[in-house]
Amino acid sequence: MKLASLKDGRDGRLVVVSDDLAWYADATHIAPTLQAALDTWDQAAPRLALLATDLAHEAIPMMRFHERLAAAPLPRAFQWADGSAYVNHVQLVRQARGAELPESFWTDPLMYQGASDGFLGPRDPIPLADEAWGCDLEAEIVVVTGDVPQGADRATALAAIRLVGLVNDVSLRNLIPDELAKGFGFVQSKPASALSPVFVTPDQLGAAWRDGKLHRQLNVDVNGQPFGRTQAGEDMTFDFGTLIAHLAKTRSLSAGSIVGSGTVSNRDAGGGPGQPIAQGGRGYSCIAEVRMVETIQSGAAATPYLKRGNSVRIWIDDDQGHSIFGAIEQVVGEA
């Protein structure tokens with residue numbers, strides 16, 4: 001089933017959305033918000049699934065679903081932890097600055113704790129106070145968990161995944177070096193991220209969801225031009241079960257925790273850095289990566305970061321070319 005939150009108060013109003021994203025049915029008689037549904041998932045999920053079936057058969061009142069009216073499915077969440085599952089991305093960043101990649105990066109995931117008190121909706125503008133900060137998109141897959149016990153193994157972690165969606169993990173690249181130099185992680189360089197219009201249950205994804213990975217093409221357009229057509233299921237060193245288990249090593253996770261994959265990144269067919277779409281490659285899921293490739297190949301980055309007025313679109317289609325999660329469509333604006 002597909003779930004969304006329409007803009008209503010701080011936490012939105014829960015609705016069930018049809019498979020084609022055309023219609024919705026109010027679900028507040030089951031749970032007023034998505035977080036409330038996650039808190040009582042064992043009771044709420046079967047009722048929401050029945051509502052989704054009734055919606056599919058047009059057996060209940062239904063209204064047109066407009067992605068522009070959607071809030072983030074979880075407008076605020078108890079936790080947002082973003083991994084770096086595609087080590088190819090990390091390797092390129094370090095190679096561009098002449099640093100070696102520690103061997104442990106292939107066995108121990110990188111992860112940071114992001115701000116979760118306010119996610120942007122899928123059509124909300126990206127607020128940018130200063131273009132000199134180097135605004136970048138990061139197209140990623142996310143999952144939402146139920147309660148996860150401390151010390152959970154990978155199998156337990158995978159079983160705790162309730163929903164799957166997309167995120168634009170906005171980064172302010174030019175603020176990152178000084179923050180990391182302090183040795184205490186991201187704060188100012190990681191503003192609010194945007195979530196896809198709908199989140200879906202793993203069973204909705206069919207065979208595309210396997211081994212804790214989403215095996216689909218992640219599409220990114222920048223200013224209306226193809227920028228990324230990466231394969232989310234390839235080159236993913238750490239699956240979501242491994243990422244969640246890593247996060248839960250020393251603490252339990254509350255229902256409604258959001259865990260990100262990190263920037264989806266593919267190697268070139270020959271094993272080298274990915275190539276732009278215009279050169280027959282799959283492109284990129286963030287601007288920083290193409291800048292790293294440019295630096296490695298020519299000694300200097302040429303692609304600029306996002307400016308006010310620039311647009312970003314992120315989405316995934318099914319085998320019939322229909323959008324699964326809806327699209328994140330944002331324009332960079334004033335803060």
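The legends below go with four close-up views of this predicted model.

**View 1. The largest pocket and the residues around it.** Welcome to the first close-up, where the pocket holds about 860 Å³ of space. Its lining comprises 28 residues, and if you want to find the centre, look for Val-93, Arg-173, Ile-176, Leu-180 and Phe-186, which lie nearest to it. Several elements each supply at least two residues of this lining: strands S5 (79-83) and S6 (111-113), together with helices H3 (87-96), H5 (176-181) and H7 (287-298). The biggest contributor is H3, which gives four residues. By character, the lining divides into 13 nonpolar, seven polar and eight charged residues.

**View 2. The second largest pocket and its lining.** Here the space comes to about 200 Å³. To trace the lining along the chain, start with Lys-2, Asp-19 and Asp-20, then move on to Gln-204, Leu-205, Ala-208, Leu-214 and Arg-216, and finish with Asp-318, His-322, Ser-323 and Ile-324. Five of these lining residues are charged, four are nonpolar and three are polar.

**View 3. An open sheet of five strands.** Reading across the sheet, you will meet the strands in the order S7-S20-S19-S16-S17, with mixed pairing. Strands S7 (126-128) and S17 (225-231) stand at the edges and have a single partner strand each, so one side of each has no neighbour in the sheet. On average, neighbouring strands here are turned by 20° against each other, direction ignored. For a closer look at one pair, follow strand S16 (residues 217-222) alongside S17: the two run antiparallel and are joined over six bridges. A handy landmark is Leu-218, which stands opposite Thr-230 in S17.

**View 4. Helix H6 and the cap at its N-terminal end.** Helix H6 spans residues 240-247 and is mostly covered, with six of its eight residues buried. Those buried residues are Phe-240, Gly-241, Leu-243, Ile-244, Ala-245 and Leu-247. What caps the N-terminal end of H6? That is Asp-239, which places a side-chain oxygen 2.7 Å from the backbone nitrogen of Gly-241. Gly-241 therefore appears twice in this view, as it is among the buried residues of H6, with buried meaning under 20% relative accessible area, and its backbone nitrogen also takes part in the cap.

Note on methods. Residues numbered from 1 in each chain as written. Predicted model: local features only at pLDDT ≥ 70, side-chain atom pairs only at ≥ 80, totals over all residues. Heavy atoms only, no water. Buried < 20%, exposed > 50% of the residue type's maximum accessible area, 1.4 Å probe, protein only. Polar contact = N/O pair within 3.5 Å; in protein donor to acceptor, adjacent residues only side chain to side chain. 1 Å grid on protein atoms, 1.4 Å probe; cavity = no way out; pocket = protein on both sides within 12 Å on 5 of 7 lines; lining within 4 Å. Points joined across faces, edges and corners; volume = space filled by probe spheres on them. Nonpolar A, V, L, I, M, F, W, Y, C, P; charged D, E, K, R; others polar. Pairing = 2+ DSSP bridges. Axes fitted to C-alpha atoms, helices over the stretch in contact; angles between N-to-C directions.
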